[in-house]
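Got your viewer open and the selection box ready? Let's take a walk through this one, stop by stop.

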Amino acid sequence: MKAGLPKRKKETHTEASPCDEKDIPIIEGTYNILHPQYISTDLESFFKIPLENQIEDILEKVPIGLSVVLCRRHPELLIYFLKFFNHSPKARSNPKSYLPFICQWANKIPIQWILLHTHKILDVRYAYLLVSATFTTHSTFSSDEYSHSAYLNEIWQQYRKLVPTTPDQTPQEAWDQLTTLRSSIVELKDLKLTVPIPLSEYIRYDKFGFITNLMHSCTSPTKLIQFIRAHAISFCQSNNLSLDDVIIESVVRRDWDVTKKLGVLTNYVQDQTKLSSALEKMTFQNDNELKEIKEFAKQSNISFTTSPNNYIRSRISPRPKLFRSNSNEDFSQGDSIGSPLKRCPSSDTITIKNVIYYGSLKQLTNGQPMNPNEYSEKLSQFKDMAEVKPIYQLAKEYKQVISYEDFQSNEFKKNLFIKLAESSGFSSLNNLIEIFSFDKETVIDIIWSTDIFKKHAKEVIPQILIYLTNLNWELCLQYLCDSSSFLQMNDTINLWLQILEKSIRFATGEKIIEITNSISVLKGLLNIPEKNCNAILNLIKDHTDFENVKNYLVDNEFQKYFDLILFKDPIQNQQIKEGFITGIPEKLCLSIQSLSLMNSKDVSELLIPLLDNIDGHNHVILSLIYHILYLNHLTYEKQESILSLLIENDMNTVDFHKLMKSPLETINDCVCYNTINEYIALGSVLCVKTDSIILNVMIHKMKSANFNDYMCLISLLTSKSSKDIMLKELSPQFKFNNLISFYKSIGELQKVNEIKIKEILSHKEFQDQAKESHMNDPSRIICELYSSTKLQEKLGKQLHEIMKDLAQSNNLSISKIREHLVNLWLTENKPSSIVPSESIFSETAYEHEIHDDQINVQRSLFILRQWKIKTAVKWLLLFIYQNKSYRSRAKALQCLFVLADEKTIESNYTRDFEELLIKQRTVYISRILEVFGINASDDMFNEGNIRNTVDDLSMKINENNGSALALMEIMKFYRIEDEKLAIKVLESVYQFNKLFLLQNINEFMNDKIYIKNKNIRQIFIKALSYGFSEMVNKDTTVTPFKARHFTVFRDILDAASLSTIQLDKLYINDVFIPISEAITKLADSGWPKQICEFCSHLGDVKIRDLTIQILIEKCHFDIPFIYGFDESKICSSIYDKSFVVEATKTMIDSSFITFTRWMHDNGHSSGIETIIETLKEQGRIQEINRMKTRLGLPQ
């Protein structure tokens, strides 16, 4: 049960008390705790001043542990304690001393204060304990939940008056913020930082900067990968960060070898665009590392441009700043953060030692200084970079100072190229062309179109032959013809021959014959007088039919110079074959001319067998043979078309003979991503299914994980069967977004949904919640994930967004699923399977079921807070009146009063609000009966029936434990004063649920009738003592002391603090024994701290003094100091009982300092000497010197 704050009248010394002569009023007990040296006149003065007027001064003077004792004794002054805990540096520096108490009392403290205080807790572990306790305790239904909520709001308003600077908040706003804060707490806790970071600081950090800074603290790639797996992946998922971007930011500028950095990127970064960005940012130390980056880019089909600031001469990797989010708020704890989270004091740019840092390529290559030597020196350390190298070479070799911006202009580059070519005497064209990075077509076009080059064709043409292609060789010939007026005849002929001999490999069919004939004529021209050459050259220039050329030569009696082409009888067949096999132009020309004198049949009989002897890669000769066969009326159009494609596209890796025998196999061997279009065209001519070619490239020739690289190829597929192949072979290459795009492109929308589900389930936090078997049932997955309170803690509101996306992608209504879940959780009433135990430290079946209800209320509230408040209130009210289970209705009522205030409920409630308040009591009691299997109804608790209900239940006390619990609540609610019944009920509850009795009996003890009853007083002492009895006997349920034991023990402290009964005896092992004997037994049993803390909450001076005496006799010297007992009495007891030596040997520093100060102040010089001798025996000489300095004693 969740008890509200007891409402106690203010006590004065003269107030009539229901206590007997042995009872000690709370206020007097408080005085005794604060003033151990009891003086009656001081007591009178203490009573004259209201405690609320002096409590703030008291709290600043007493130890922090004692403030907790006072808070337990005076809950009516809670606001003063809350102010102290939230603002006192003494409290904030020692959270362990008070936060466990705050966690226990979380349901008695306004949620707004808990939110406010959580922000100030430095240790995230304690923040987590407080927030978790808050969500748990506020999920427990009490009999007067509404009044309790109203009371908390009143406490909050009183607190705001006491601390005017406190901002106001509604409970709903505070819950909303606490839900978000809880996720941050869990997130920070799970990181397990070696250097803790205050929560208030963490929530203000930019999460991207935070995680990258943590990753920068990993000193090796292995540690970084371990951190990524353990923390970074889930952190990025929780904060909607791109893991790719985080890894890139954390890796590319590290001082590791490029091989190691590329290894990390390869493992996690799949997106080609982001990989390109990473390579552009990656630092390198030397040329080899730069080459490695470029090789990696080439293998991954990535184009990138590196930057000059990536080149570093020394491996010093700066740690980046830890960025803050946009906030004007100042936090004083920032300086407490140590490495690796220390903020960078530098500016936004990172300076690398020993490296000239240029903000951009443009700044580096800005054309300054104007001196070429100085400019080249400036660029020298970056000379191997593609962007800088040409500008450096122009400065170094040609004394030209060029800026990067100017160098981007094609017109500027062209004019500068012409200028430098001319100034260098056209002797270094190839070097200039390499510097300017002109493509082959551009080179020939510039030279052909520029007049200055025509005068220097003799120097230019030999240098540009390497740039000839099937598209520009004829343009080069035109350039020669245009330049012939500046050349000697022999030079013209020789240059012409060089161009033709170079160009023959680009020609096909008829063009080959034309070129070979021209070569033969040109060879002959070298032997005739120059004056006769012009006419022949003009014929060749005009591409005149070759028969005209031969006739001209015969008519002008030049036969003797052209014997290769002017003959009447064909050469031998073997010589013809030799011409085709060798490919030498002169022999080839002779073979062609011989074939022209033969009939078609002889030609075919000679050439067709010859085809197999020609190398399959010699496409030009094969094309020539097929053309000759065509001229002889044999049709080989297919072969000619294929060879034409091979020559035009420079596909010299293809063996023509293999291609004709096994076209698909040959194409698949040769094709790659960059030549796919050419091979598709080739496959079309060969009637090969192009889908096979495309699939082969995508599956076997491409390593990219970026779908965009495949998209254009997938669009070319035509066969439906290709889809199945891609699903099997291609899908494993992609991840998430790329895989989704892939499935969308082939129309597999169901697969898209499956991928989204798998991606969600891959979240570290989801792996234990949803099973693979649920993959085809997304609604079930949503229900499973929503049901996890751990996920609610970890992800907070993000869980709602994830579930919403999952539902939408599967065409599900998330609102209906959420409503179904709330209804399920409120309706779900699991019976307990716990075996009953008499131990107060063991969980009872009733507690277990209440705990299940707490979890379901937490789950329900997590979803209900997403609804509009009016919608949630109406839904809950409808549920309360329609559901028959009292346990379910109790959970709904708890949700209702946590979510909404009176005004909101009344505005949506059609009945009298007072009726709802009455119903919460009847539902609460009926729930108890229902849990224990007793039938209940609303009529049982009507005024006319309540007495009959009490009588009926009292008769069942011995049969059903639930009757006793229900009667205990009924007697409290309906003010039934019946001593016999009370004794009967309390004794019954004592037998089976001692903790419940302990938590609630004080409300009976506050009644003036029951407090006087000896039997009831004994039941109270029995309940209070039972835990101690188990501790004395070292029961297995007690050892070791765990979280639940501490919780129960704090309930014992609460009960003792609020009691006015003088606890001079305890009930141990079924016998009432004096408190002194109980203390001795507990100390001997190994529980000195627990019994000391218990006695520290008692207001009886005699018991407190007795506790000191016993613990000192048992040599527990430090414990009384720790729990706030009177220091002078502790020191006096040590001295009087001659335990000075033992105390000196074992005391902690704080106790020792207090003890020695007391000895000195009270003139016990012999005791000081004893301490010094003991310290000498222990070899603690420095401690002696410190003590003497502290006490002002001579050294």
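Start by selecting S1138, which sits in the loop between α65 (1127-1136) and α66 (1140-1146). Check its backbone: phi is positive, about 60 degrees, although S1138 is not a glycine. Is the residue buried or exposed? S1138 counts as exposed, at 58% relative accessibility. Keep in mind as you click around that this is a predicted model.

**Zoom out for a moment**

Show the whole chain as a cartoon. The protein has 69 helices and 2 strands. Of its 1195 residues, 53% are buried. Switch on a surface and you're looking at about 54700 Å² of exposed area, with carbon and sulfur atoms supplying 48% of it. As for contacts between residues at least 6 apart in sequence, 67% join residues at least 24 apart.

Now colour by pLDDT. The average is 81, and 87% of the residues score at least 70. Two stretches deserve a flag. Select 1-21: the pLDDT there is below 50, and the stretch has 46 contacts in the model beyond near neighbours in sequence. Then select 314-359, where pLDDT is again below 50 and the count of such contacts is 97. Where pLDDT is low, the predicted coordinates should not be read in detail.

**The strand pair's loop**

Next, go to N1069, in the loop between β1 (1065-1068) and β2 (1071-1074). This is another non-glycine residue with a positive phi, near 55 degrees. How accessible is N1069? It counts as partly exposed, at 36% relative accessibility.

While you have backbone geometry on your mind, jump to Q368 and P369. The peptide bond joining them is cis, with omega about 0 degrees. P369 lies in the loop between α19 (361-364) and α20 (372-379). For context, most residues other than glycine have a negative phi, and most peptide bonds are trans.

**Two helix pairs**

Select α21 (residues 389-398) together with α24 (residues 429-436). These helices pack at an angle of about 145 degrees, their axes 9 Å apart. Show side chains for P390, Q393, L394, E397 and Y398 on the α21 side, and for N431, L432, I435 and F436 on the α24 side; these are the residues that meet. By class, that contact has 6 nonpolar, 2 polar and 1 charged residues.

Now swap to α39 (residues 663-670) and α41 (residues 690-701). Here the packing angle is about 35 degrees, and the axes are 10 Å apart. The crossing is right-handed. Which residues make the contact? From α39 come L664, I667, N668, D669 and C670, and from α41 come S692, I693, N696 and K701. Sorted by class, the contact of α39 with α41 has 4 nonpolar, 3 polar and 2 charged residues.

**Into the buried parts**

Head for helix α4, residues 64-73. This helix is mostly covered, with 9 of its 10 residues buried. Click through the buried ones: I64, L66, S67, V68, V69, L70, C71, R72 and R73. Notice that R72 and R73 are among them.

A little further along, pick C103 in helix α7 (residues 99-104). C103 has a relative accessible area of 14%, and since buried means under 20%, C103 is buried. What does C103 touch, once residues up to four places away in sequence are set aside? Highlight L129, L130, A133 and T137 and you have them. You can also draw a distance from C103 to I114: they're 11 residues apart in sequence and 9.7 Å apart in space, C-alpha to C-alpha.

For another buried residue, try T1174 in helix α68 (residues 1165-1177). Its relative accessible area is 3%. Leaving out residues up to four places away in sequence, T1174 touches V1141, T1144 and K1145. V1141 and its two companions should light up around the threonine if you show T1174's contacts.

**Last stop**

Finish at S484, in the loop between α28 (473-483) and α29 (489-503). S484 is partly exposed, with a relative accessible area of 21%. Draw one more C-alpha to C-alpha line, from S484 to K455: the two are 29 residues apart in sequence and 8.9 Å apart in space.

Notes. Residues are numbered from 1 along each chain as its sequence is written. This is a predicted model: local features need pLDDT of at least 70, side-chain atom pairs count only at pLDDT 80 or more; totals for chains, interfaces and linings use all residues. Side-chain values use heavy atoms; hydrogens and water are left out. Helices (H or I, at least four residues) and strands (E, at least two) are DSSP runs, numbered from the N terminus. Buried means under 20% relative accessible area, exposed over 50%, partly exposed in between (1.4 Å probe, protein chains only). Contact means heavy atoms within 4.5 Å. Accessible areas come from the Shrake-Rupley method with a 1.4 Å probe; for residues, only the protein chains shown count as cover. pLDDT is the predictor's confidence in each residue, from 0 to 100. Axes are lines fitted to C-alpha atoms, for helices over the stretch in contact, and angles run from 0 to 180 degrees between N-to-C directions. Ala, Val, Leu, Ile, Met, Phe, Trp, Tyr, Cys and Pro count as nonpolar, Asp, Glu, Lys and Arg as charged, and the others, Gly among them, as polar. A crossing is left-handed if the near helix is turned anticlockwise from the far one by less than a right angle, and right-handed if clockwise.
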